[in-house]
Amino acid sequence: MKTYADLCGKRLAVPDIHAFGGWQVHLREARAAGLDLTRDPGQVIELQAQDKVVESVLAGQADAGFVRSDLIESMAAAGKLDPAQLRAGQELK
């Protein structure tokens, strides 16, 4: 997935729909790109923790997820994941 439009109909994991970086920022950016995250993804899955978002994507339970990029870096440094397993969403514009 390279754009917000690619999230249409997909399972999207987020920490919490009240989280600023894990949801609120993306609402505005996605709307600017023509996607309403409150209705266009097939399912929004709230997992209450950013590391659980990463785990759900890796396990195939979600197609994409929103987390802070430093979380991926810290999980990689702790040996909890290989960052090559994920694609960072900087290109989601």
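1. Is Arg68 buried, partly exposed or exposed? In this predicted model, Arg68 has a relative accessible area of 41% and is therefore partly exposed. Its salt-bridge partner is Asp70, with the closest N and O atoms 2.9 Å apart. Asp70 is likewise partly exposed, at a relative accessible area of 40%.

2. The sheet is open and consists of three strands in the order β2-β1-β3, with parallel pairing. Strands β2 and β3 lie at the edges, each pairing on one side only. Between β1 (residues 11-14) and β2 (residues 43-46), which run parallel, there are four bridges. Within this pairing, Leu12 is placed opposite Val44 of β2, and Ala13 is placed opposite Ile45 of β2. As a general point, side chains in a regular strand alternate between the two faces of the sheet.

3. The connection from β1 to β2 deserves a separate remark. Together with helix α1, these two strands make up a β-α-β unit, and the unit is right-handed. The helix concerned, α1, spans residues 20-32 and includes His26.

4. What is the environment of His26 in terms of contacts? When neighbours within four places in sequence are set aside, His26 is in contact with Tyr4, Gly21, Leu37 and Phe66. With one of these, Tyr4, there is also a polar contact from side chain to side chain, at 2.7 Å. The relative accessibility of His26 is 14%, so this residue counts as buried, the cut-off being under 20%.

5. Helix α2 covers residues 50-58, and its buried residues are Gln50, Val53, Val54 and Ser56. Viewed down the axis of α2, these buried residues fall within an arc of 160° and therefore line one face of the helix. The general background is that an α-helix has 3.6 residues a turn, so residues three or four places apart point the same way. The elements against which the buried residues of α2 pack are β1, β3 (64-65) and α3 (69-77).

6. After α2 comes Gly60, which has a positive phi, near 80°. A colleague inspecting the backbone that follows α2 may wish to note this residue.

7. How many salt bridges does the model contain? The count is six. A network of salt bridges links Arg31, Asp36, Arg39 and Asp40. Within it, Asp36 takes part in a salt bridge with Arg31, where the closest N and O atoms are 3.6 Å apart. Asp36 also meets the side chain of Arg39 in a salt bridge, at 3.3 Å from N to O.

8. The exposure of three members of that network can be set out individually. Asp36 has a relative accessible area of 15% and is therefore buried. Arg31 is partly exposed, at 48%, whereas Arg39 is exposed, with a relative accessible area of 62%. The buried Asp36 is thus joined by salt bridges to the partly exposed Arg31 and to the exposed Arg39.

Technical notes
Residues are numbered from 1 along each chain as its sequence is written. This is a predicted model: local features need pLDDT of at least 70, side-chain atom pairs count only at pLDDT 80 or more; totals for chains, interfaces and linings use all residues. Side-chain values use heavy atoms; hydrogens and water are left out. Buried means under 20% relative accessible area, exposed over 50%, partly exposed in between (1.4 Å probe, protein chains only). A polar contact is a pair of N or O atoms within 3.5 Å; within protein, one must be able to donate a hydrogen and the other to accept it, and residues adjacent in sequence count only if both atoms are side-chain atoms. Contact means heavy atoms within 4.5 Å. Two strands pair if DSSP finds at least two bridges between them. A crossover is right-handed if, with the strands pointing away from the viewer, the path from the first strand over the helix to the second runs clockwise. The arc is that of the directions from the helix axis to the C-beta atoms. A salt bridge is a side-chain nitrogen of Lys or Arg within 4 Å of a carboxyl oxygen of Asp or Glu.
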